[in-house]
Amino acid sequence: MPKLHCNAQNCLYHQQHYCTRNRIHVQGVEACSEMETQCGTFKSRQGEEHLFLTEFARFNEANEHLSINCDCVECRFNYKDLCTKDNVNISGFNAEARQQTKCDSFEKRW
């Protein structure tokens, strides 16, 4: 599984540059660059209850490696809607919505 590094610190699942989900979804079906991608799993911390989320892989524990679903068909690391890159970076330092995040690891297929 890819090693994920995430700096979307306003995301509910963000914990010390890791993710507390067991999988994320990178969106961008028609993306031709990283600027056209986004983390579809991003959820703003604003107004959310932190204690009883059922989406944790392990309760309140961050994951360094996790499965990444990806619908960016033009990315060279997309194989059957899964990311095959060893190290993946998601950015969106001040993001308040998923549209303000991106997959920095996107690389055009050709």
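Here are a few questions and answers about this predicted model.

Reader: How many residues are in the largest nonpolar core, and which strands each supply at least two of them?
Author: Let's start with the strands: S1 (3-6), S4 (23-27), S6 (67-70) and S9 (87-91) each put in at least two residues. Among the residues with the most contacts inside the core are Leu4, Ile24, Val26 and Ile68. As for its size, the largest nonpolar core has 24 residues.

Reader: What is the bridge partner of leucine 4 in S9?
Author: S1 and S9 run parallel, and four bridges join them. Both Leu4 and Val88 are on the list of residues with the most contacts inside the largest nonpolar core. In S9, leucine 4 has as its bridge partner valine 88.

Reader: Which strands stand at the edges of the open sheet, and why is one side of each left without a neighbour?
Author: The sheet has three strands in the order S1-S9-S10, with mixed pairing. Each edge strand has a single partner strand, so one side of it has no neighbour in the sheet. Those edge strands are S1 and S10 (102-103).

Reader: Leaving aside neighbours within four places in sequence, what is cysteine 72 in contact with?
Author: Cys72 is listed with the residues that have the most contacts inside the largest nonpolar core. Setting aside those sequence neighbours, cysteine 72 touches Val26, Gln27, Gly28, Ala31, Thr37, Asn78 and Phe106.

Reader: Which ring does the charged end of arginine 21 sit over?
Author: Aromatic pairs won't help here, as a search of the whole structure finds zero. The charged end of arginine 21 is 5.2 Å from the centre of a ring, and that ring belongs to tyrosine 13.

Note on methods
Residues are numbered from 1 along each chain as its sequence is written. This is a predicted model: local features need pLDDT of at least 70, side-chain atom pairs count only at pLDDT 80 or more; totals for chains, interfaces and linings use all residues. Side-chain values use heavy atoms; hydrogens and water are left out. A nonpolar core is a set of buried Ala, Val, Leu, Ile, Met, Phe, Trp, Tyr and Cys residues joined through side-chain atoms within 4.5 Å. Buried means under 20% relative accessible area, exposed over 50%, partly exposed in between (1.4 Å probe, protein chains only). Contact means heavy atoms within 4.5 Å. Rings of Phe, Tyr and Trp (its six-membered ring) pair if their centres lie within 6.5 Å; planes under 30 degrees apart count as stacked, over 60 as edge-to-face and the rest as tilted. A charge sits over a ring if NZ of Lys or CZ of Arg is within 6 Å of the ring centre and within 35 degrees of the ring normal. Two strands pair if DSSP finds at least two bridges between them.
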